[in-house]
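Visitor: Could you take me through one part of this structure slowly, as if I were seeing a protein for the first time? I'd like a close look at a single strand and whatever surrounds it.

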Amino acid sequence: MNHLTIIAVVGASASGKSLFAKTIYNELIGELGQDSMTIINEDSYYKCQDHLPFEERIKTNYDHPSAFEHDLLKQHLTQLSQGQMIHVPVYDYKRHTRSKEEVVPVKPARVVLVEGIMLFTCPELRKRFDINIYMDTPLDICLLRRIKRDLQERGRDFSSVHDQYHLTVRPMYFQYIEPSRNYADIVITRGGRNRRALELIKAKIRELVKEN
Ligand SMILES: Nc1ncnc2c1ncn2[C@@H]1O[C@H](COP(=O)(O)OP(=O)(O)O)[C@@H](O)[C@H]1O
Ligand SMILES: Nc1ccn([C@@H]2O[C@H](COP(=O)(O)O)[C@@H](O)[C@H]2O)c(=O)n1
């Protein structure tokens, strides 16, 4: 297999990173084939917290680089670049820890899209990325989307979303995520449905896969 190309997508929580990556994947996979590309979500690498009671888990700062097991993500990227299969943990936002039984097998591919809030804070991860994308979505839009998503999909109530936002999500965004925009090669405005941006990245991926 030729050199693995890693495209990293970073931005605030609910800025549209997942939507952007999934749209590219869904629109290309039929055309380029199952082995052409894969998506890895940094959230899958949130640390296991089985050793902590639930009351302690809810106090964790999930918007800090130390909340992630970046070493495992690095190891997995190395394995993929060596043509090996990996087993990605499954994260449970309702229990604030990893699933005990479940892992997702991921096969090596020509292009890996990796998306997450803290990817650019880790120098060793940055060295692995070939193309750095930053989703520059206004924070008020992200907040509205986050409230809706966390209530509907992540088992939260309004009061917990409100308190977490003030305590960690917003301050950590200004401390870690916004400054990491400087590492971006491409800054995307208007979120995960920016059609021209999607087409540009799709064209690049087509070129990379067809080089093979
Ligand atoms: N451009 C958009 N218009 C409307 N809803 C959007 C848009 N982008 C994202 N969303 C919705 O907002 C929520 C968060 O988006 P997501 O892509 O999961 O963000 P992230 O991965 O950055 O946390 C999801 O429910 C998604 O469907
Ligand atoms: N137990 C957890 C773990 C993470 N979060 C929040 O998830 C956000 C990152 O994921 P996105 O899909 O939104 O990029 C991050 O801002 C954490 O606050 C959580 O609430 N609980």
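Guide: Start with I6, whose bridge partner in strand β5 is V112. Keep in mind as we go that this is a predicted model. I6 belongs to strand β1, which covers residues 5–11 and pairs with β5 in the parallel sense over five bridges. Another spot on the same pairing is T5, which stands opposite V111 in β5.

Now look at β1 on its own. The strand is mostly covered, with seven of its seven residues buried. Follow the side chains along it: T5, I7, V9 and G11 point one way, while I6, A8 and V10 point the other way. Whichever way they point, all of these residues are buried.

β1 has a second partner too. Strand β6 pairs with β1, again in the parallel sense and over five bridges. Here you can pick out I7, whose bridge partner in β6 is I131. That puts β1 in pairings with both β5 and β6.

Hop across to β5, which runs over residues 111–115. This strand is mostly covered as well: five of its five residues are buried. V111, L113 and E115 point one way from β5, V112 and V114 point the other way, and all of them are buried. Notice that E115 is on that buried list. β5 also pairs with strand β2, residues 37–41, in the parallel sense over five bridges. In that pairing, T38 has V112 of β5 as its bridge partner. So V112 turns up twice, as bridge partner of I6 from one strand and of T38 from another.

Let's zoom in on V9 for a moment. Setting aside its neighbours within four places in sequence, V9 is in contact with K17, F20, A21, L113, E115, I133 and M135. Two of those names, L113 and E115, are residues we just met pointing one way from β5.

What do these strands add up to? The largest nonpolar core has 46 residues, and those with the most contacts inside it are A8, V9, V111, V112 and L113. The elements giving two or more residues to this core are β1, α1, β2, α3, β5, β6, α6 and α7. This fits a broader habit: in soluble globular proteins, nonpolar side chains tend to be buried together.

Next, walk off the end of β1. The loop between β1 and α1 holds A14. A14 counts as buried because 24 C-beta neighbours lie inside 10 Å, and the cut-off for buried is 20 or more. Its backbone is worth a glance: the phi angle of A14 is near 65°, a positive value in a residue other than glycine. R190 has a phi near 65° as well, also positive and also in a residue other than glycine. You'll find R190 in the loop between β7 and α7. With 15 other C-beta atoms within 10 Å, R190 is partly exposed.

A14 also brings us to a ligand. Ligand 2 is surrounded by S13, A14, D43, Y46, Y62, D63, Y93, H96, I117 and V169. Sorted by class, that shell has six nonpolar, two polar and two charged residues.

Ligand 1 has its own surroundings, with 13 residues around it; K17, S18, L19, R145 and G191 come nearest. K17 should ring a bell, being one of the contacts of V9. Helices α1 and α5 each supply at least two residues of this shell, and the largest share, three residues, comes from α1. By class, the shell around ligand 1 has two nonpolar, seven polar and four charged residues.

One last stop is T168, which sits in helix α6, residues 158–177. T168 is partly exposed, with 18 other C-beta atoms within 10 Å. Not counting residues up to four places away in sequence, T168 touches N61, Y62 and D63. Y62 and D63 are both among the residues around ligand 2. T168 and Y62 are 106 residues apart in sequence, yet their C-alpha atoms are 7.7 Å apart in space.

To place all this on a wider map, an unreviewed UniProt entry lists residues 6–194 as "domain: Phosphoribulokinase/uridine kinase". That span is 39% helix and 22% strand, and its end C-alpha atoms lie 21 Å apart.

Technical notes:
Residues are numbered from 1 along each chain as its sequence is written. Chains are lettered from A and ligands numbered from 1 in the order in which they are written. This is a predicted model: local features need pLDDT of at least 70, side-chain atom pairs count only at pLDDT 80 or more; totals for chains, interfaces and linings use all residues. A residue is near a molecule or strand if its C-beta atom, placed from the backbone, lies within 6 Å of it. Ala, Val, Leu, Ile, Met, Phe, Trp, Tyr, Cys and Pro count as nonpolar, Asp, Glu, Lys and Arg as charged, and the others, Gly among them, as polar. Helices (H or I, at least four residues) and strands (E, at least two) are DSSP runs, numbered from the N terminus. A residue is buried if 20 or more other C-beta atoms lie within 10 Å of its own, exposed if 12 or fewer, and partly exposed in between; C-beta atoms are placed from the backbone. Two residues are in contact if their C-beta atoms, placed from the backbone, lie within 7 Å. Two strands pair if DSSP finds at least two bridges between them. UniProt positions are given in the numbering used here, feature names are shortened, and annotations may be inferred rather than shown by experiment. A nonpolar core is a set of buried Ala, Val, Leu, Ile, Met, Phe, Trp, Tyr and Cys residues joined through C-beta atoms within 7 Å.
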